[in-house]
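I open this notebook to record, entry by entry, what I looked up in the structure shown below.

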Protein chains: 4
Amino acid sequence: MIKIGHIGLGRMGLFHAENISQMNDAELFALCDLDEEKLAKEAKRLNVKKTYTDFDEMIKDDEIDAITITSPSHLHTEQISKALKAGKHVFSEKPLGTTVEQCKLAEKAVEENPDQVFMLGFMRRFDKSYQYAKKAIEAGKIGKVYMVRSYSQDPTAKIEGAIAFGPHSGGEFLDMCVHDIDLMRWFIGSEPKKVWAIGGCYAYPEFADWNDGDNVSALMKFENDAMGFLFAGRTAPHGYNVETEIMGTEGIIRIGSVPQKNLVEILDSTGIRKEISQDFIERFSDSFKDEMKEFISCVKEGRKPEITVYDGTAVSEIAYKCKESFESGELVEL
Amino acid sequence: MIKIGHIGLGRMGLFHAENISQMNDAELFALCDLDEEKLAKEAKRLNVKKTYTDFDEMIKDDEIDAITITSPSHLHTEQISKALKAGKHVFSEKPLGTTVEQCKLAEKAVEENPDQVFMLGFMRRFDKSYQYAKKAIEAGKIGKVYMVRSYSQDPTAKIEGAIAFGPHSGGEFLDMCVHDIDLMRWFIGSEPKKVWAIGGCYAYPEFADWNDGDNVSALMKFENDAMGFLFAGRTAPHGYNVETEIMGTEGIIRIGSVPQKNLVEILDSTGIRKEISQDFIERFSDSFKDEMKEFISCVKEGRKPEITVYDGTAVSEIAYKCKESFESGELVEL
Amino acid sequence: MIKIGHIGLGRMGLFHAENISQMNDAELFALCDLDEEKLAKEAKRLNVKKTYTDFDEMIKDDEIDAITITSPSHLHTEQISKALKAGKHVFSEKPLGTTVEQCKLAEKAVEENPDQVFMLGFMRRFDKSYQYAKKAIEAGKIGKVYMVRSYSQDPTAKIEGAIAFGPHSGGEFLDMCVHDIDLMRWFIGSEPKKVWAIGGCYAYPEFADWNDGDNVSALMKFENDAMGFLFAGRTAPHGYNVETEIMGTEGIIRIGSVPQKNLVEILDSTGIRKEISQDFIERFSDSFKDEMKEFISCVKEGRKPEITVYDGTAVSEIAYKCKESFESGELVEL
Amino acid sequence: MIKIGHIGLGRMGLFHAENISQMNDAELFALCDLDEEKLAKEAKRLNVKKTYTDFDEMIKDDEIDAITITSPSHLHTEQISKALKAGKHVFSEKPLGTTVEQCKLAEKAVEENPDQVFMLGFMRRFDKSYQYAKKAIEAGKIGKVYMVRSYSQDPTAKIEGAIAFGPHSGGEFLDMCVHDIDLMRWFIGSEPKKVWAIGGCYAYPEFADWNDGDNVSALMKFENDAMGFLFAGRTAPHGYNVETEIMGTEGIIRIGSVPQKNLVEILDSTGIRKEISQDFIERFSDSFKDEMKEFISCVKEGRKPEITVYDGTAVSEIAYKCKESFESGELVEL
């Protein structure tokens, strides 16, 4: 049984904690959060033995094998470094850091502790449909990949939270598009060399206050000449929509281009329709679980995860270049 | 140029008249209807040379080559017979007759005038998707057909008309299901030998006044052991829906199981949806045209249409047996 | 922790055992099977404390709280009765029994042990899409249900197993259609009063040897006049296909009518396509888990499951009447 | 009856000629082509009274009311100008000209003949689905449009023709993307101000010989800040695919994102699939007809078409800027 110390009890933090608590080969051993009341309540509910309000204290706990980090983004790098130095295996939610410099510090910490597992939370890679696509591509079923289009859309229904969280989110490119950037690199197998990003505040001018848009897009040219197009928005009328299209010289794969909540079709006065997922937890529920299973497996088996600290840096670097292009209006080289 | 005398200016009658008037190798030469005002108006609009209020007079017109019949169903047989005897080629809307005896009379008239073209209006056979399916089946692409399921649904939005027209329609089996019965025979290539029909008035008790249902179904066993299932209803919430599934030992074909108005998908607060056709003219617009083209071609080329007078009798006979089973609650042999 | 004694290590038995072994509030405590080698291997793999080759011995084990039965169908009733008498809670795979008389015996055993939980494995009810449909119907979203169509299709790819297992399966109505019958009763909220079943051996004459068909169907009239149509086949070219359509006076719900393996669409020389699940474990993987969770919850909370022993009897009774009609060719009353 | 003189008997030219010959209020009066044999054959087949091998001769014919131009692209401008000067109404296939200077000359000719009808062949606007989308947008159903994505893909199956025609086509941006550019401007209601275009020869290096790619894309920022993304390719494995997505602040419309040949779904060993159209004539057959009907109506009614000569210039100008960006690798301002 791998003993886990977990920091962060926000929505995603709680979801990760619940997933860990339901695993057979891991124990949700300790929880850490500043909110003592919440900490006590969740520790009781999830049957957790220890609680901490101080991260530095938790990582000193000799019984803990691994740390799972779901704290606010700007704390990730420091906590990753400290936990690694304390001899713990580390899983951290994306992003690796909120600046490229931070990412480089995280890289250093990982390099200095080569025997420990470090894994970053790009959960989309664990989705069954994305896994299926990756395997088909590796098997050569669509030939050489020359174009990836990736969409990430949050529902208008959640716009208030997006505005409230916006100023501290790093903006759409760093907060949301990192997933699309990760998928593009994964499917194309190359790095972007040029990017042009545009967008605007089409419905919610608030986002302009922190140089962000409510809907943005970016076109990239990769080292191997492949094309990448990403679109991210916060005003999807129909729900949470993540879709990716991978074009190859022999075939095309689309994932989620007909998004859906379940296998139900409703025939009523609106026509024939399918409802869709309303947030990332509904859509990627199984992926979050499979991602955590993979982390635990790596710890148990002394294996290194496919997703490395360098992926974290590369994705952040590209997201920053997108943001730079979006702000300047110019083409940016990487 | 084939000169056409056309009877009937109801909704479908007018649609046929317009189609004829737009053909290159036929002329809509005469119109016949009891409503003189409408007759004058439509003759002018469609640039028709002659008008008649008396069918018997129209068929005496030596300039006319062919008669197209879209009068009320109970008049079909008599008008078919008269027109054939007058030496005209005849196209008649379904049904061939409102009783099997009438159908037999029509058969006799066709047999006595073997050099003239007679064609019955089962327009679904001319739909591009149904044609495609038929060709795939004939080419052996789905193996041996062992099951056909066919749905015909009218929209709730048109229920008032259905109730008003109901008492004179012959009921759902004779008025609507004849199309499904024709398709089943066409795709299976055999005749039903046993049928059980059920249904009821689930939303509109009015239909019980003339021993009909607002939604009905029938299961049939065919001579060659294949299965046939038909469903017909008047309360489709989403519009006009005609779909057919043909199962073969090597493959399955579905036609219209994702019904649609056009290629538009709408993503809004209801989810992701397609609108669908609202009536048979919208859905089968091209089929009505292609059907009439085929009739004109047969007349010009002295060819006999694939759909014969015997199809009309067989379909009516089966529809009556469905009705008998529906009314008695018992299994009926053919 | 609820301690489970589990009998049966066939494919579905193993799948249930694995699901139990991964639960937090239940322990897979004992395994029972005649195959000692398999028993030892699986007990080790799943970390199970005790093994039995004799069911009677296992149910004497005082440490065991509940018995889960996945033995061959003809043993179900006896094992259910014995386990209940031994004071255990019982989950049994369908069918309840292989004759209606057996079902009645199971009813008696359940009635004599009113404080214990008994649950039957109709896993489709636990599928998220079926759950969603049920809730929508209960909320009145589609008005009054008047028609249910339910399909169950096994892939041609598995025909050899179907033929080998066929003589001992009870036939398609008892082995497969029980699921569709359960769904019809669940959605319609009434019992069938008349049924006509047909079908044949269209591709594999072997099934005739035990009075079965490779594809069969049945039309039913329910007490409340609703219609039910089921189709079950063993020659689906595209995979494992379970779909259900529920028509109500205000709306229509379709579940799985566009079957699929995942959210991937493939665009290649065949057109645009989706692959589908290849067997019931792939399609209903989560439902099997949720079903077992519900059983454990009922045991822990002293609750009775929605699915009762009487559902088991009713479904078997209807399946037998379908079989009777299929064999006699006649309409059968219930 | 409007008398038409038609030039060009290539594939699209013949299709236009056939459409004109089937109209009720127009007469295909004269044909012009350099290939005398073809000219004679088609004139006979389509029942055309006069033939010309010299365009200048045809436009002198006083009986002719209107000229329809489907000659090679580089001849369009001159023929448009001459026909207008000769007092004829003019329909021309796109592009308006092969250089922006040519387009300006065409503008001048149109301005100097203000009483004559001039219309350019952007047939996609006449497609029923695109019409439906346009009306929904004008009715405010999706709020303010902020993003349009448009795809145009030719099937790999036709790659040989694309390579043969390539050097004289003007390249993918001028030959194919003009349609997507026209749709973007039409739906967004604004003009692009900046564009970045990329792409490459991923499967067929031949296209590099004339500075073209086998798959290309372009991202544009419009004057009103809306985003436009176009993708055009020649290696679609599944057929001819044109799809457009229009995102608005209140809803999203997708046209053709589930492309299809007809309403048939095929369930076979590949899964569940739909076939799609194989070329632009199959996909836009009705649009070509409706476009020509609109031209004839405009001539008869003295109306001006919605599509003007300025649309032709604007679209060509944008396509050239795309090409410039594609060749230079730089961001280009308009």
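For the entries that follow, I take contact to mean heavy atoms within 4.5 Å. I also note at the outset that this is a predicted model.

**Entry: Arg185(B)**

I looked up the place of Arg185(B) and found the residue in helix α8 of chain B. I then asked whether Arg185(B) counts as buried or exposed. Arg185(B) has 10% relative accessibility, and because buried means under 20%, Arg185(B) counts as buried. I listed its contacts, leaving aside neighbours within four places in sequence. Arg185(B) is in contact with Ser190(B), Glu191(B), Pro192(B) and Phe222(B), and also with Asp311(B), Ala314(B), Val315(B) and Ile318(B).

**Entry: helix α6 of chain B**

I turned next to helix α6, residues 128-138 of chain B. Which residues of α6(B) are buried? I found Ser129(B), Tyr130(B), Ala133(B), Lys134(B), Ala136(B) and Ile137(B). Seen down the axis of α6(B), these buried residues fall within an arc of 165°, so they line one face of the helix. I recalled that an α-helix has 3.6 residues a turn, so residues three or four places apart point the same way. On the other side of α6(B), I noted Lys128(B), Lys135(B) and Glu138(B) as exposed.

I then looked up what the buried residues of α6(B) pack against. Within chain B, the partners are β7 (145-155), α8 (172-188), β11 (241-248), β12 (252-255) and α9 (280-283). Chain D contributes β13 (264-268) to this packing.

I inspected both ends of the helix as well. At the start of α6(B), a side-chain oxygen of Asp127(B) reaches to within 3.1 Å of the backbone nitrogen of Ser129(B). Just after α6(B), Gly140(B) takes a positive phi of about 80°.

**Entry: the open sheet of chain C**

In what order do the six strands of the open sheet in chain C lie? I read the order as β3-β2-β1-β4-β5-β6, with parallel pairing. The edge strands are β3 (50-52) and β6 (118-121) of chain C, each of which pairs on one side only. I noted that the twist averages 25° from one strand to the next.

I followed one pair in detail. Strand β1 (residues 2-7) and strand β2 (residues 26-32) of chain C run parallel and are joined by six bridges. The bridge partner of Ile4(C) in β2(C) is Leu28(C).

**Entry: strand β8 of chain D**

I found strand β8 (residues 192-200) of chain D mostly covered, with eight of its nine residues buried. β8(D) pairs with strand β9 (residues 215-222) of chain D in the antiparallel sense, over eight bridges. In β9(D), Lys221(D) stands opposite Lys194(D). Two bridges also join β8(D) to strand β15 (residues 332-333) of chain D, and these run antiparallel. Here I noted Val195(D) opposite Val332(D).

**Entry: chain contacts**

I looked up the contact of chain C with chain B, which takes 41 residues from each of the two chains. The area buried between them is about 3,300 Å², of which carbon and sulfur atoms give 65%. Trp196(C), Tyr202(C) and Leu219(C) supply 20% of the area that chain C buries against chain B, more than any other three residues.

For chain B and chain A, I found 13 residues of chain B in contact with 13 residues of chain A. These two chains bury about 1,200 Å² between them, 65% of it on carbon and sulfur atoms. His238(B), Thr270(B) and Ile272(B) supply 40% of the area that chain B buries against chain A, more than any other three residues.

Definitions and conventions
Residues are numbered from 1 along each chain as its sequence is written. Chains are lettered from A and ligands numbered from 1 in the order in which they are written. This is a predicted model: local features need pLDDT of at least 70, side-chain atom pairs count only at pLDDT 80 or more; totals for chains, interfaces and linings use all residues. Side-chain values use heavy atoms; hydrogens and water are left out. Two strands pair if DSSP finds at least two bridges between them. Helices (H or I, at least four residues) and strands (E, at least two) are DSSP runs, numbered from the N terminus. Axes are lines fitted to C-alpha atoms, for helices over the stretch in contact, and angles run from 0 to 180 degrees between N-to-C directions. Buried means under 20% relative accessible area, exposed over 50%, partly exposed in between (1.4 Å probe, protein chains only). The arc is that of the directions from the helix axis to the C-beta atoms. A polar contact is a pair of N or O atoms within 3.5 Å; within protein, one must be able to donate a hydrogen and the other to accept it, and residues adjacent in sequence count only if both atoms are side-chain atoms. Buried area is the accessible area (1.4 Å probe) that two parts lose on being put together, summed over both.
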